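Me: I would like a close look at one part of this chain, taken slowly and residue by residue. Please keep the account connected.

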Amino acid sequence: MSDEKILDTPETITLLSLAKSGDQTAFDALLTQYTPLIEHRLQTVRARRPDILPEDEKDLRQEAHLAFYRALLGYNVEQHDVSFGLYAKICIENALVSALRKIHPSSELLDYDTMITLPAGSEEDPSQRLREQEDYEALCRRIARVLSPYENAIWQRYIAGMTAAQIAEQLGRDVRSIHNAIYRIRNKLRSSSIGENK
């Protein structure tokens with residue numbers, strides 16, 4: 001699982017399709033396959049925040065698994081620009097950053113935006129990290145072109161794990177308008193083959 005840039009295998013695509021339709025065995029197989037990715041993200045958090053309490057670490061692990069599940073539901077298996085591994089990694093990183101902000105809302109000692117994207121150790125290939133970052137930035141640019149600034153603000157919060165009610169409160173909007181915007185965003189991304197099929 002060290003290179004999420006590799007295209008998904010036909011077996012992985014089959015498992016994704018089955019898991020999205022509710023097949024528990026397929027989901028378990030995918031979770032096993034991508035557990036190293038989840039664990040690596042959590043190890044990076046521990047390395048950057050050694051002061052995290054055990055109960056907070058348990059919450060972070062749960063957030064990472066929920067983000068993986070949301071990524072599975074949201075991934076468009078018909079597009080070929082972004083592999084599921086990279087898509088899941090982005091979703092997990094965003095969820096962990098959001099969760100850390102809730103745990104330490106007043107902390108100024110940590111740059112949350114760079115915490116998880118920094119390599120955990122020197123064993124990683126720097127050129128691979130650069131390719132992944134370029135893929136991520138290209139994905140963000142594609143999404144930004146499809147969505148309005150308001151929709152982008154909602155989408156970033158949504159994939160970070162915030163509920164519609166939390167987004168509405170943060171943006172000062174009615175929760176129904178947030179639900180409508182999320183529905184609209186899903187349709188836009190789906191029709192653009194960027195994909196969010198929840």
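Leaving aside its neighbours within four places in sequence, which residues is Leu 147 in contact with? Please start there and then describe the helices around that place.

Reply: This is a predicted model, and what follows should be read with that in mind. Leu 147 sits in the loop between α6 (126–146) and α7, and once its neighbours within four places in sequence are set aside, Leu 147 is in contact with Asn 152, Trp 155, Ile 185, Lys 188 and Leu 189. With a relative accessibility of 5%, Leu 147 counts as buried, since buried means under 20%. One of its partners, Leu 189, lies 42 residues away along the chain, yet the C-alpha atoms of Leu 147 and Leu 189 are separated by 8.3 Å.

Some of these partners appear again in the helices that follow. In α7 (149–159), the buried residues are Glu 151, Asn 152, Ile 154, Trp 155, Tyr 158 and Ile 159. Viewed down the axis of α7, these buried residues fall within an arc of 165°, so they line one face of the helix. Asn 152 and Trp 155, both contacts of Leu 147, are thus among the buried residues of α7.

The axes of α7 and α9 come within 10 Å and cross at roughly 90°, which makes α7 roughly perpendicular to α9. On the α7 side, the residues that meet α9 are Tyr 150, Glu 151, Ile 154, Trp 155 and Tyr 158. Facing them in α9 are Ser 177, Ile 178, Ala 181, Ile 182, Arg 184, Ile 185, Arg 186, Lys 188 and Leu 189. Sorted by class, the contact of α7 with α9 has nine nonpolar, one polar and four charged residues. Ile 185, Lys 188 and Leu 189 take part in this contact, and they are also among the residues that Leu 147 touches.

Arg 184 deserves a closer look within this contact. Arg 184 belongs to helix α9, and its relative accessible area of 37% makes Arg 184 partly exposed. Not counting residues up to four places away in sequence, Arg 184 touches Tyr 150 and Glu 151, and both of these belong to the α7 side of the contact with α9. Glu 151 is 33 residues from Arg 184 along the chain, and the C-alpha atoms of the two are separated by 8.7 Å. Whereas Arg 184 is partly exposed, Glu 151 is listed among the buried residues of α7.

The next element to consider is α8. Helix α8 (residues 164–171) packs with helix α9 (residues 175–191) at an angle of about 115°, their axes being 8 Å apart, and this makes α8 roughly perpendicular to α9. The crossing of α8 and α9 is right-handed. From α8, the contact is made by Ala 164, Ala 165, Ile 167 and Ala 168, while α9 contributes Val 175, Ile 178, His 179 and Ile 182. The residues of this contact of α8 with α9 divide into seven nonpolar, one polar and no charged.

Within α8, the buried residues are Ala 164, Ile 167 and Ala 168. They cover an arc of only 100° around the axis, which puts them on the same side of α8. These buried residues of α8 pack against both α7 and α9. Just after α8, Gly 172 takes a positive phi of about 70°. Ile 178 and Ile 182 of α9 take part in the contact with α8, and they are also listed among the α9 residues that meet α7.

For a view of the chain around this part, there are nine helices and zero strands, and of the 198 residues 41% count as buried. Among contacts between residues at least 6 apart in sequence, 67% join residues at least 24 apart, and the contact of Leu 147 with Leu 189, 42 residues apart along the chain, spans such a separation.

Another helix pair in the chain can be set beside this one. Helix α2 (residues 24–48) and helix α3 (residues 54–74) have axes that come within 10 Å and cross at roughly 135°, and α2 and α3 are therefore oblique to each other. Their crossing is right-handed.

Key
Residues numbered from 1 in each chain as written. Predicted model: local features only at pLDDT ≥ 70, side-chain atom pairs only at ≥ 80, totals over all residues. Heavy atoms only, no water. Axes fitted to C-alpha atoms, helices over the stretch in contact; angles between N-to-C directions. Helix = DSSP H or I, 4+ residues; strand = E, 2+ residues; numbered from the N terminus. Parallel < 35°, antiparallel > 145°, perpendicular 65-115°, else oblique. Left-handed = near helix turned anticlockwise from the far one by under 90°. Contact = heavy atoms within 4.5 Å. Nonpolar A, V, L, I, M, F, W, Y, C, P; charged D, E, K, R; others polar. Buried < 20%, exposed > 50% of the residue type's maximum accessible area, 1.4 Å probe, protein only. Arc of directions from axis to C-beta.
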